[in-house]
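Please look over the model shown here, beginning with the surroundings of the ligand and ending with the chain as a whole.

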Amino acid sequence: MTAFTPLTPEIIAQLVTILGEANVSTARADIDLHARDQSQHAACPAEVVIWPQESRQVADVLRLANEQRIAVTPWGVGTGLEGNSIPLHGGILMSFERMTKIVAVHADDFQVTVQPGIGHKDLNEQLARYGLFFPPDPGANASIGGMLANNASGIRTVKYGASKDNVLRMEVALADGRLIHVGSRSVKQSAGYDLLHLFVGSEGTLGVITEATLKLVPVPTFMSAVVATFPSVNAAVETVVAVRGSGLDPSALEFVDAAHCAMLSQTEGIDLEERPTIFMEFQAAQEDSLAMGLEIVKEICDEMGALSFQSTTDHAARKKLWHARHHSYEIMVRSHPDKQFFINDVAVPISAYPELIAFVEDTRRERGVPSYMIGHAGDGNVHVEFPYGSPDEYEQALAVNSLIVMRALELGGTSTGEHGVGIGKARYMLAEHGEGLNVMRAIKQTLDPNGILNPGKIFPDGAEH
Ligand SMILES: Cc1cc2nc3c(=O)[nH]c(=O)nc-3n(C[C@H](O)[C@H](O)[C@H](O)COP(=O)(O)OP(=O)(O)OC[C@H]3O[C@@H](n4cnc5c(N)ncnc54)[C@H](O)[C@@H]3O)c2cc1C
């Protein structure tokens, strides 16, 4: 494992030369603000926080850090849920909060080129005037760099794909200070190794994204939101599989358990029954086809034993529903002030989803471990949220979580559908990838031989080489 060099006044002075004094801070407040993300993992302070404003500065800092053997952890806006951006080995915390420009809108090509620090919600606000949007939609206003580095998804992934499906080209700064371009603006690309997707999902451990060209889609003309409730969790998740199999192409298909529904009713003022529920969204270019689709969805839900079915095309009602869904995790956390939470995000092929959910239900009941469930069911993805109030409770929850992860792997799935490996899922990487993990180590060794980039993440031993 690399022995990292502690920062000296000389190195800080070199950082100031590269970035300017206003973009380098060793102030306690700045260090503390960047010491942990939104996960349960413990805070860890960097030695300095820097805010580059252009690609060249990023590359120059990396060259310096590589020569001096200093750890560098990229930071988007710190909404990660797996400790991905916690600077475990101190060193430099490289924040992208000041690289937020839209470089170019290529409206005729349905593309936009951005700096990595821009929030996806802020980007979509700017794009509204072109009638376009970037579809991956995690609840938080995550940065584009953080989304690409984690391969984040969201409620609309069931229709539009994850971050990896919506990026065409990136500029990446390598550990040795080289700046490279990966991918191209052509939607078809077949020229050699797919380096673009090597960096997507690499959590800042292989290179630092300094610019990205993203795919956009037109804002849909007609949309409806549907809420259907069911007598059992199984009936709800079987309905998810049936809707996916119907060819109806929902733009969101979410499972929300009874406890979340009760909490959202109380806090968000939406009228939800305390039952296993699915939230859906459908989009269409014509009003008639939207109405026809809704009829079919209602038939499916009725056949599956739905207790209630409500749909709306009203903009304000739809917005309220998705706002509540987006904030459901924060609301859950807020309503348990005496507890901490951790959240898992296993995913399986859609046909195995009911079996996975049944396993979660049985296991948590048998072990007597409290938890809640919500998830991007249309993608076969579930979040089991575990509250805990003591180290013992945390260990019990971790044990149940490990059983769930192993079951997901047996069902052909993954330990993480969207939050990334970070700190907490490193323990599952060998089980998930086997010998493939050694190939990942070899790639890491090639691109970052001194192990300076986001050390301590992804690999189970916390040592990348
Ligand atoms: C309420 C809430 C709801 C959420 N819902 C979802 C959801 O539905 N789906 C989902 O996928 N996630 C969700 N998340 C998690 C989170 O928003 C995502 O993981 C997101 O990708 C993190 O982006 P960020 O900008 O906050 O990055 P950070 O958390 O700051 O960093 C994430 C990772 O990216 C790296 N990184 C950041 N910028 C760069 C860069 N320019 N180059 C290279 N590496 C970089 C960091 O080192 C780190 O490894 C949610 C989080 C919250 C708090």
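Domain bounds, as used here, come from an automatic or database domain assignment. The shell around the ligand draws at least three residues from each of domain 1 (9–98) and domain 2 (102–218). This is a predicted model, in which local features need pLDDT of at least 70 and side-chain atom pairs count only at pLDDT 80 or more, while totals for chains, interfaces and linings use all residues. Residues are numbered from 1 along each chain as its sequence is written.

A residue is near the ligand if its C-beta atom, placed from the backbone, lies within 6 Å of it; of the 37 residues around the ligand, Gly76, Gly80, Gly145, Gly146 and Gly204 come nearest. Two or more residues of this shell come from each of β3, α5 (144–150), β10 (208–215) and α12 (328–334), and α5 gives the most, with 5 residues. Helices (H or I, at least four residues) and strands (E, at least two) are DSSP runs, numbered from the N terminus.

Gly91 lies in the loop between β3 (72–75) and β4 (92–95). Gly91 is buried, with 24 other C-beta atoms within 10 Å, where buried means 20 or more such atoms, exposed 12 or fewer, and partly exposed in between, with C-beta atoms placed from the backbone. Gly91 and Asp257, 166 residues apart in sequence, are 42 Å apart in space, C-alpha to C-alpha.

Over the protein chain, 16 helices and 18 strands are found, and 48% of the 465 residues count as buried. The C-alpha atoms fill a box of roughly 70 × 55 × 40 Å, taken along the principal axes.
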